Amino acid sequence: MRQAGRIVSIAVVIAIGVNSDGWREVPGLDLCPSEAETFWSEFLRRLARRGLRGVKLVIPDAHEGLKKAVVKVLGASWQCCRVHFMRNAPPTPTKTAAASSRPSRGERAAFVRIATVFAQGAADAAGKQWRQVANQLRVKLPKLAALLDEAEVDVLAFLNFRKERWDKISSTNPIERVNGEIKRRTDVVGIFPDEEAVIRLVGSILMEQHDEWAVQRSRYMTLAGIAPVSDNPIVILPDVAT
(Lines give C-alpha, C1' and ligand atoms only; values in the text may rest on other atoms or scores of the structure.)
Protein backbone atom coordinates (compact mmCIF):
# COMPACT_ATOMS: atom_id res chain seq x y z
CA MET A 1 0.00 0.00 0.00
CA ARG A 2 1.17 3.56 -0.69
CA GLN A 3 1.67 5.56 2.46
CA ALA A 4 3.34 8.96 2.76
CA GLY A 5 5.19 8.48 -0.52
CA ARG A 6 6.41 4.98 0.35
CA ILE A 7 5.31 1.42 -0.41
CA VAL A 8 4.62 -0.41 2.85
CA SER A 9 3.31 -3.85 3.75
CA ILE A 10 0.04 -3.93 5.63
CA ALA A 11 -1.87 -6.82 7.22
CA VAL A 12 -5.63 -7.19 7.13
CA VAL A 13 -7.07 -8.62 10.33
CA ILE A 14 -10.34 -10.51 9.97
CA ALA A 15 -12.64 -11.89 12.67
CA ILE A 16 -14.77 -14.86 11.64
CA GLY A 17 -17.11 -16.52 14.09
CA VAL A 18 -20.00 -18.91 14.60
CA ASN A 19 -23.07 -17.31 16.17
CA SER A 20 -25.42 -18.83 18.72
CA ASP A 21 -27.62 -20.16 15.91
CA GLY A 22 -24.76 -22.13 14.37
CA TRP A 23 -24.18 -19.87 11.33
CA ARG A 24 -20.84 -18.37 10.37
CA GLU A 25 -20.46 -14.60 10.32
CA VAL A 26 -17.79 -11.93 9.78
CA PRO A 27 -17.93 -9.61 12.84
CA GLY A 28 -15.30 -7.24 11.52
CA LEU A 29 -11.98 -6.42 9.89
CA ASP A 30 -9.22 -3.88 10.33
CA LEU A 31 -5.80 -2.95 9.01
CA CYS A 32 -2.95 -3.97 11.26
CA PRO A 33 0.19 -1.80 11.38
CA SER A 34 1.58 -3.77 14.33
CA GLU A 35 0.70 -7.05 15.99
CA ALA A 36 1.30 -5.68 19.48
CA GLU A 37 -1.12 -6.37 22.31
CA THR A 38 -2.41 -2.79 22.19
CA PHE A 39 -3.70 -3.24 18.62
CA TRP A 40 -5.38 -6.56 19.38
CA SER A 41 -7.00 -5.20 22.54
CA GLU A 42 -8.48 -2.23 20.70
CA PHE A 43 -9.64 -4.45 17.82
CA LEU A 44 -11.46 -6.78 20.21
CA ARG A 45 -12.93 -3.87 22.17
CA ARG A 46 -14.36 -2.41 18.96
CA LEU A 47 -16.01 -5.75 18.24
CA ALA A 48 -17.40 -5.81 21.78
CA ARG A 49 -18.77 -2.27 21.40
CA ARG A 50 -20.56 -3.41 18.26
CA GLY A 51 -22.25 -6.22 20.20
CA LEU A 52 -19.84 -9.17 20.27
CA ARG A 53 -20.67 -11.29 23.32
CA GLY A 54 -20.28 -14.81 24.65
CA VAL A 55 -17.00 -15.74 22.94
CA LYS A 56 -15.93 -19.15 24.23
CA LEU A 57 -12.89 -20.01 22.11
CA VAL A 58 -10.48 -18.03 19.93
CA ILE A 59 -8.49 -19.92 17.27
CA PRO A 60 -5.76 -17.73 15.71
CA ASP A 61 -2.69 -18.53 13.65
CA ALA A 62 -0.27 -17.64 16.47
CA HIS A 63 0.17 -14.21 18.02
CA GLU A 64 1.29 -13.77 21.62
CA GLY A 65 -0.08 -10.23 21.75
CA LEU A 66 -3.50 -11.48 20.66
CA LYS A 67 -3.46 -14.20 23.31
CA LYS A 68 -3.03 -11.63 26.08
CA ALA A 69 -5.76 -9.43 24.57
CA VAL A 70 -8.20 -12.35 24.29
CA VAL A 71 -7.82 -13.16 27.99
CA LYS A 72 -8.04 -9.52 29.03
CA VAL A 73 -10.90 -8.34 26.79
CA LEU A 74 -12.98 -11.44 26.04
CA GLY A 75 -12.12 -13.80 28.89
CA ALA A 76 -12.22 -16.65 26.36
CA SER A 77 -10.20 -19.83 26.00
CA TRP A 78 -7.28 -19.94 23.58
CA GLN A 79 -6.81 -22.68 20.98
CA CYS A 80 -3.42 -22.86 19.29
CA CYS A 81 -4.00 -24.13 15.74
CA ARG A 82 -2.70 -27.69 15.79
CA VAL A 83 -1.68 -27.50 12.12
CA HIS A 84 0.44 -24.40 12.72
CA PHE A 85 1.88 -25.94 15.86
CA MET A 86 3.05 -29.02 13.95
CA ARG A 87 4.39 -26.87 11.13
CA ASN A 88 6.26 -24.47 13.38
CA ALA A 89 7.67 -26.95 15.88
CA PRO A 90 11.41 -26.19 15.75
CA PRO A 91 13.73 -28.92 14.51
CA THR A 92 16.84 -29.81 16.48
CA PRO A 93 19.74 -27.55 15.35
CA THR A 94 22.18 -29.27 13.02
CA LYS A 95 25.67 -28.40 11.85
CA THR A 96 24.68 -26.65 8.64
CA ALA A 97 22.12 -23.93 8.04
CA ALA A 98 20.83 -25.79 5.00
CA ALA A 99 20.11 -28.89 7.02
CA SER A 100 18.69 -27.04 10.03
CA SER A 101 15.40 -26.38 8.25
CA ARG A 102 14.83 -30.08 7.56
CA PRO A 103 13.60 -32.34 10.36
CA SER A 104 15.72 -35.40 11.08
CA ARG A 105 14.43 -38.92 10.80
CA GLY A 106 13.85 -39.01 14.53
CA GLU A 107 11.95 -35.73 14.42
CA ARG A 108 9.75 -36.95 11.59
CA ALA A 109 8.92 -40.02 13.67
CA ALA A 110 8.20 -37.72 16.62
CA PHE A 111 5.74 -35.66 14.58
CA VAL A 112 3.97 -38.87 13.57
CA ARG A 113 3.64 -39.74 17.25
CA ILE A 114 2.24 -36.29 18.02
CA ALA A 115 -0.29 -36.69 15.22
CA THR A 116 -1.66 -39.80 16.96
CA VAL A 117 -2.93 -37.51 19.73
CA PHE A 118 -5.48 -35.97 17.38
CA ALA A 119 -6.70 -39.40 16.27
CA GLN A 120 -7.89 -40.31 19.76
CA GLY A 121 -11.61 -40.67 20.23
CA ALA A 122 -11.85 -39.26 23.74
CA ALA A 123 -10.48 -36.22 25.54
CA ASP A 124 -8.86 -38.25 28.33
CA ALA A 125 -7.17 -40.56 25.82
CA ALA A 126 -5.85 -37.60 23.81
CA GLY A 127 -4.40 -35.92 26.89
CA LYS A 128 -2.82 -39.16 28.05
CA GLN A 129 -1.32 -39.77 24.60
CA TRP A 130 0.13 -36.23 24.49
CA ARG A 131 1.95 -36.70 27.79
CA GLN A 132 3.11 -40.17 26.79
CA VAL A 133 4.62 -38.85 23.56
CA ALA A 134 6.34 -36.01 25.45
CA ASN A 135 7.89 -38.49 27.88
CA GLN A 136 9.06 -40.72 25.03
CA LEU A 137 10.88 -37.78 23.41
CA ARG A 138 12.43 -36.43 26.60
CA VAL A 139 15.78 -38.22 26.21
CA LYS A 140 16.55 -37.90 22.49
CA LEU A 141 14.61 -34.69 21.72
CA PRO A 142 14.46 -32.74 24.99
CA LYS A 143 13.64 -29.39 23.33
CA LEU A 144 10.66 -30.85 21.51
CA ALA A 145 9.51 -32.58 24.70
CA ALA A 146 9.74 -29.29 26.59
CA LEU A 147 7.74 -27.59 23.82
CA LEU A 148 5.02 -30.23 24.19
CA ASP A 149 4.91 -29.64 27.94
CA GLU A 150 4.54 -25.90 27.42
CA ALA A 151 1.97 -26.08 24.61
CA GLU A 152 -0.28 -28.84 25.95
CA VAL A 153 -3.01 -26.61 27.39
CA ASP A 154 -3.19 -24.34 24.32
CA VAL A 155 -3.06 -27.06 21.65
CA LEU A 156 -5.55 -29.35 23.41
CA ALA A 157 -8.07 -26.67 24.43
CA PHE A 158 -10.54 -28.01 21.85
CA LEU A 159 -10.93 -31.19 23.92
CA ASN A 160 -13.11 -29.25 26.37
CA PHE A 161 -15.86 -29.04 23.74
CA ARG A 162 -18.11 -31.59 22.09
CA LYS A 163 -16.31 -34.26 20.07
CA GLU A 164 -18.26 -33.62 16.87
CA ARG A 165 -16.84 -30.07 16.81
CA TRP A 166 -13.19 -31.02 17.22
CA ASP A 167 -12.34 -30.95 13.53
CA LYS A 168 -13.76 -27.41 13.21
CA ILE A 169 -12.23 -25.85 16.31
CA SER A 170 -8.80 -27.48 16.58
CA SER A 171 -7.23 -25.55 13.69
CA THR A 172 -7.66 -22.53 11.44
CA ASN A 173 -8.35 -24.75 8.41
CA PRO A 174 -12.03 -23.66 8.17
CA ILE A 175 -10.97 -20.06 7.42
CA GLU A 176 -8.11 -20.85 5.02
CA ARG A 177 -10.47 -20.77 2.02
CA VAL A 178 -11.48 -17.20 2.90
CA ASN A 179 -7.86 -16.18 3.37
CA GLY A 180 -6.92 -17.78 0.06
CA GLU A 181 -9.64 -15.90 -1.83
CA ILE A 182 -8.58 -12.59 -0.29
CA LYS A 183 -4.95 -13.23 -1.19
CA ARG A 184 -5.88 -14.21 -4.76
CA ARG A 185 -7.86 -11.03 -5.38
CA THR A 186 -5.52 -8.63 -3.61
CA ASP A 187 -2.52 -10.03 -5.50
CA VAL A 188 -4.21 -8.87 -8.71
CA VAL A 189 -4.14 -5.28 -7.47
CA GLY A 190 -0.58 -5.48 -6.25
CA ILE A 191 -0.18 -2.04 -4.68
CA PHE A 192 -3.19 -0.28 -3.14
CA PRO A 193 -3.38 3.53 -3.27
CA ASP A 194 -4.61 3.93 0.34
CA GLU A 195 -6.28 2.22 3.29
CA GLU A 196 -9.78 2.92 2.00
CA ALA A 197 -9.05 0.94 -1.17
CA VAL A 198 -7.94 -2.06 0.90
CA ILE A 199 -11.06 -1.92 3.05
CA ARG A 200 -13.34 -1.60 0.01
CA LEU A 201 -11.93 -4.66 -1.76
CA VAL A 202 -11.48 -6.92 1.24
CA GLY A 203 -14.79 -5.76 2.69
CA SER A 204 -16.62 -6.65 -0.53
CA ILE A 205 -15.02 -10.11 -0.55
CA LEU A 206 -16.14 -10.70 3.03
CA MET A 207 -19.66 -9.47 2.25
CA GLU A 208 -19.84 -11.98 -0.59
CA GLN A 209 -18.64 -14.72 1.73
CA HIS A 210 -21.12 -13.71 4.43
CA ASP A 211 -23.99 -13.86 1.94
CA GLU A 212 -22.82 -17.27 0.73
CA TRP A 213 -22.85 -18.63 4.28
CA ALA A 214 -26.30 -17.11 4.91
CA VAL A 215 -27.95 -19.05 2.08
CA GLN A 216 -26.35 -22.43 2.78
CA ARG A 217 -28.83 -25.21 3.40
CA SER A 218 -27.33 -26.39 6.67
CA ARG A 219 -25.79 -24.68 9.67
CA TYR A 220 -22.04 -24.77 10.18
CA MET A 221 -22.73 -26.12 13.67
CA THR A 222 -26.00 -27.67 14.79
CA LEU A 223 -28.12 -26.09 17.52
CA ALA A 224 -27.58 -29.18 19.66
CA GLY A 225 -23.84 -28.69 19.35
CA ILE A 226 -23.97 -24.96 20.09
CA ALA A 227 -26.42 -25.16 23.03
CA PRO A 228 -23.97 -26.44 25.71
CA VAL A 229 -21.66 -23.41 25.27
CA SER A 230 -24.19 -20.78 24.20
CA ASP A 231 -25.32 -17.97 26.50
CA ASN A 232 -28.70 -18.08 24.73
CA PRO A 233 -30.62 -21.22 25.80
CA ILE A 234 -32.63 -23.00 23.13
CA VAL A 235 -36.36 -22.64 23.74
CA ILE A 236 -38.33 -25.83 23.08
CA LEU A 237 -42.06 -25.31 22.77
CA PRO A 238 -44.37 -27.94 24.32
CA ASP A 239 -46.25 -30.30 22.05
CA VAL A 240 -49.61 -29.05 20.87
CA ALA A 241 -52.49 -31.13 22.18
CA THR A 242 -54.45 -32.84 19.45
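Helices in these legends are DSSP runs of H or I, at least four residues long, numbered from the N terminus.

**Figure 1. Overview of the predicted model of the protein chain.** The model shown is predicted. The protein chain holds 11 helices and six strands. Of its 242 residues, 34% count as buried. Among contacts between residues at least 6 apart in sequence, 57% join residues at least 24 apart. The accessible surface of the chain comes to about 15,000 Å², and carbon and sulfur atoms account for 54% of that surface.

**Figure 2. Close-up of Ala 4 in the loop between strand 1 and strand 2.** Strand 1 covers residues 2–3 and strand 2 covers residues 6–7, with Ala 4 in the loop that separates them. The phi angle of Ala 4 is near 55°, a positive value in a residue other than glycine. Ala 4 counts as exposed because its relative accessibility of 76% lies over the 50% cut-off.

**Figure 3. Helix 1 and the elements that cover its buried residues.** Helix 1 comprises the 13 residues 37–49. From its first C-alpha to its last, the helix reaches 18 Å, close to the 18 Å expected at 1.5 Å a residue. Phe 39, Trp 40, Ser 41, Phe 43, Leu 44 and Leu 47 are buried in this helix. The cover over the buried residues of helix 1 includes strand 3 (11–18), strand 4 (24–32) and helix 2 (64–74). Just after helix 1, Gly 51 has a positive phi of about 115°.

**Figure 4. The aromatic cluster of Phe 39, Trp 40 and Phe 43.** A search of the whole structure finds five aromatic pairs. One of them joins Phe 39 and Trp 40 in an edge-to-face arrangement, with 5.3 Å from centre to centre and 70° between the planes. Both of these residues are buried. The ring centres of Phe 39 and Phe 43 lie 6.1 Å apart and their planes meet at 10°; this pair is therefore stacked, the angle being under 30 degrees. Phe 39 and Phe 43 both belong to helix 1 and are four residues apart, about one turn of the helix. In general, an α-helix has 3.6 residues a turn, so residues three or four places apart point the same way. Phe 39 and Phe 43 are both buried.

**Figure 5. Helix 7 and its bend at Asp 149.** Helix 7 runs through residues 142–155 and has 14 residues. Its reach from first C-alpha to last is 19 Å, close to the 20 Å expected at 1.5 Å a residue. The helix bends by about 35° at Asp 149. Its buried residues are Leu 144, Ala 145, Leu 148, Ala 151, Glu 152, Asp 154 and Val 155. Among the elements that cover these buried residues are helix 2, strand 6 (77–78), helix 3 (82–88), helix 5 (105–115) and helix 6 (123–137).

**Figure 6. Two charged side chains placed over aromatic rings, Arg 82 over Phe 118 and Lys 168 over Tyr 220.** The charged end of Arg 82 sits 4.9 Å from the centre of the Phe 118 ring. Lys 168 lies over the face of Tyr 220, at 4.4 Å from the ring centre. Lys 168 and Tyr 220 are also both in contact with Pro 174.

**Figure 7. Pro 174 and Ile 175 in helix 9.** Helix 9 spans residues 173–189 and contains Ile 175; Pro 174 lies in helix 9 as well. Pro 174 is partly exposed because its relative accessibility of 25% falls between the 20% and 50% cut-offs. Ile 175 is likewise partly exposed, with a relative accessible area of 25%. Leaving aside neighbours within four places in sequence, Pro 174 contacts Arg 24, Lys 168 and Tyr 220. Pro 174 and Ile 16 are 158 residues apart in sequence, and their C-alpha atoms are 9.8 Å apart in space. Ile 175 and Gly 17 are 158 residues apart along the chain, with 9.7 Å between their C-alpha atoms.

**Figure 8. Gln 209 in helix 10 and its contacts.** Helix 10 consists of residues 195–214 and includes Gln 209. Gln 209 counts as buried because its relative accessibility of 8% is under the 20% cut-off. Not counting residues up to four places away in sequence, Gln 209 touches Arg 177 and Val 178.

Key:
Residues are numbered from 1 along each chain as its sequence is written. This is a predicted model: local features need pLDDT of at least 70, side-chain atom pairs count only at pLDDT 80 or more; totals for chains, interfaces and linings use all residues. Side-chain values use heavy atoms; hydrogens and water are left out. Helices (H or I, at least four residues) and strands (E, at least two) are DSSP runs, numbered from the N terminus. Buried means under 20% relative accessible area, exposed over 50%, partly exposed in between (1.4 Å probe, protein chains only). Contact means heavy atoms within 4.5 Å. Accessible areas come from the Shrake-Rupley method with a 1.4 Å probe; for residues, only the protein chains shown count as cover. The expected span of a helix is 1.5 Å times one less than its number of residues. The bend at a residue is the angle between axes fitted to the seven residues ending there and the seven starting there. Rings of Phe, Tyr and Trp (its six-membered ring) pair if their centres lie within 6.5 Å; planes under 30 degrees apart count as stacked, over 60 as edge-to-face and the rest as tilted. A charge sits over a ring if NZ of Lys or CZ of Arg is within 6 Å of the ring centre and within 35 degrees of the ring normal.
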